[in-house]
Amino acid sequence: MTTAPASIDRQRIGAIAQREEARYRERTPRSAELFERARRSLPLGVASSFQAYEPYPLFMTDARGSLIWDVDGNEYIDFDMAFGVLAAGHSHPILADVLAHRVANGTCYTFPVEDGVLLAEEIKRRFGADLVRFSNSGTEATMDAIRVARGFTGREKILKFEGGYHGHHDDVLVSIQPPRELMGPDDAPATVPASAGLPRSRVDETVVAPFNRPDALERILERHQGQIAAIIIEPVQFNIGVVPPLPGFLERVRELATAYGAVLIFDEVKTGVVLAYGGATEHYGVRPDLFCLAKSIGGGIPIGAFGGRGEVMSVIERLPEPGSVAGTALEHTTIPGGATRVAHLGTFNGNPLSMAAGVAVLTRILTHDVYPTLHAMGESLTNGCQEVIDDFGLPGYAVNVGPKGCVMFTPARVTNYRDFIGLDSELWAASFFYLANRGILLPPGPDDQWTLSVQHSPADIDRYVSTFRDFAAELTAT
Ligand SMILES: Cc1ncc(COP(=O)(O)O)c(C=O)c1O
């Protein structure tokens with residue numbers, strides 16, 4: 001049965017949201033208590049502002065497989081999976097073994113380890129890369145890749161897409177979810193800082209383009225002819241729900257980057273080793289010059305990596321000798337003779353713990369054979385949610401790319417950030433608390449999405465869909 005999209009009674013949505021939030025408070029008094037205490041020591045009571053949400057976040061104690069438990073002992077099937085970190089699931093037994101051995105035998109040497117070589121070789125195989133370097137987070141990976149692109153091209157500006165998130169360093173902390181009144185024309189978006197504390201001079205080096213609008217992108221590149229060092233793009237925009245590239249868009253971005261002499265960087269922090277063995281690069285068949293990885297490659301241990309074409313990555317060199325001609329500017333140094341050398345540094349880069357985790361995850365857990373099952377589960381969850389939406393005429397749609405997906409509570413398909421602004425956040429909140437109170441945990445914001453892991457089961461998917469069905473039934477009951 002398919003009904004026309006209902007205009008759902010706003011009062012009903014509000015009443016369910018209110019009731020479910022009250023129930024959430026009743027079920028989680030220890031989290032509330034810890035939050036009150038946390039607020040006295042941590043801004044917003046959390047370690048990263050993404051962890052903060054109203055009325056307060058759940059504090060967790062344990063997680064295994066697809067399950068997670070909060071401090072009040074409530075059990076949830078985890079569909080958040082740490083903002084998409086855990087395609088391997090929580091504490092995969094293989095990883096747990098490897099880490100136990102590693103913890104007992106030294107976790108940091110700052111001398112290289114064999115696992116670092118094995119992991120670099122595996123990443124090269126998956127992404128068709130020549131060279132790879134490690135960092136400790138996605139933020140570091142995109143920051144370093146951008147510096148390499150600047151060193152390689154000798155240019156200073158970069159281009160990012162409106163609505164894209166690439167971590168919290170100054171170059172990219174702009175136009176993430178800008179307010180309507182500041183965002184400028186849709187074919188030439190303004191560069192809008194997402195935080196105080198960003199130097200204007202820095203922000204001005206970042207040019208913003210609309211996602212899925214190749215015509216606009218070309219005009220913007222033309223306006224900045226000869227100035228753009230890098231185009232950084234998340235192949236699927238996964239920080240405004242799920243916004244896949246329209247057919248041909250990534251191919252055109254590739255062509256334009258080449259035509260305008262910019263290094264094309266795929267931010268595969270969320271997509272890499274999750275959408276496919278070789279990430280979005282393999283899934284969409286478009287090859288960037290550089291790619292950035294983090295999250296899932298470490299199976300829950302902090303890690304980052306970036307890599308790509310040898311010619312570009314080879315600008316990474318040792319720091320100049322003290323007092324040498326080029327010895328003052330670490331960031332982007334042109335050395336005599338016109339060659340450039342770029343610093344890439346970090347005490348914890350390539351540490352034995354992260355490297356061991358990466359090798360275990362990529363060579364023993366997220367192996368070739370797991371991707372068909374991950375995709376099948378992704379389709380099954382999306383189809384199940386879409387059936388519910390159709391049966392009850394909810395204003396929204398379900399969308400996924402492989403194991404990552406969500407319900408977008410907006411009747412029209414979202415193709416870029418400007419469409420996303422119309423999302424029904426009250427309806428989203430009602431569904432978030434309704435599901436959480438019944439043991440289905442999603443990311444605590446409409447801009448994120450579910451991530452399925454190799455430890456989720458069809459029973460987990462069924463439980464999600466049937467709980468979502470109960471929610472839809474109550475929402476639309478006459
Ligand atoms: C696409 C993308 N790039 C970069 C980052 C930054 O990664 P991290 O939080 O590890 O610094 C994120 C984090 O969510 C991300 O989603």
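Biologist: What makes a residue count as one of those around the ligand, and which residues are they?

Modeller: A residue is near a molecule if one of its heavy atoms lies within 4 Å of it, and in this structure the residues around the ligand are Ser137, Gly138, Thr139, Tyr165, His166, Gly167, Glu234, Asn239, Asp267, Val269, Lys270 and Lys295. This is a predicted model, in which local features need pLDDT of at least 70 and side-chain atom pairs count only at pLDDT 80 or more, while totals for chains, interfaces and linings use all residues. Residues are numbered from 1 along each chain as its sequence is written, and side-chain values use heavy atoms, with hydrogens and water left out.

Biologist: How does the shell around the ligand divide into nonpolar, polar and charged residues?

Modeller: The shell holds two nonpolar, six polar and four charged residues, where Ala, Val, Leu, Ile, Met, Phe, Trp, Tyr, Cys and Pro count as nonpolar, Asp, Glu, Lys and Arg as charged, and the others, Gly among them, as polar.

Biologist: Why is the approach of Thr139 to the ligand called a polar contact?

Modeller: A polar contact is a pair of N or O atoms within 3.5 Å (within protein, one must be able to donate a hydrogen and the other to accept it, and residues adjacent in sequence count only if both atoms are side-chain atoms). A polar side-chain atom of Thr139 lies 2.6 Å from an oxygen atom of the ligand, so the pair meets the cut-off. For Asn239, a polar side-chain atom is 3.2 Å from a ligand oxygen atom, and for Tyr165 a polar backbone atom is 3.5 Å from a ligand nitrogen atom.

Biologist: What makes H8 and H9 roughly parallel?

Modeller: Helices are DSSP runs of H or I with at least four residues, and strands are runs of E with at least two, numbered from the N terminus. The axes of H8 (residues 214-223) and H9 (residues 249-259) come within 10 Å and cross at roughly 15 degrees, and H8 is therefore roughly parallel to H9, since angles under 35 degrees count as roughly parallel, over 145 as roughly antiparallel, 65 to 115 as roughly perpendicular and the rest as oblique.

Biologist: How do you know that Leu44 has an unusual sign of phi for a residue that is not a glycine?Modeller: Phi of Leu44 is about 65 degrees, a positive value although Leu44 is not a glycine, and Leu44 lies in the loop between H2 and E1.

How values were computed:
Axes are lines fitted to C-alpha atoms, for helices over the stretch in contact, and angles run from 0 to 180 degrees between N-to-C directions.
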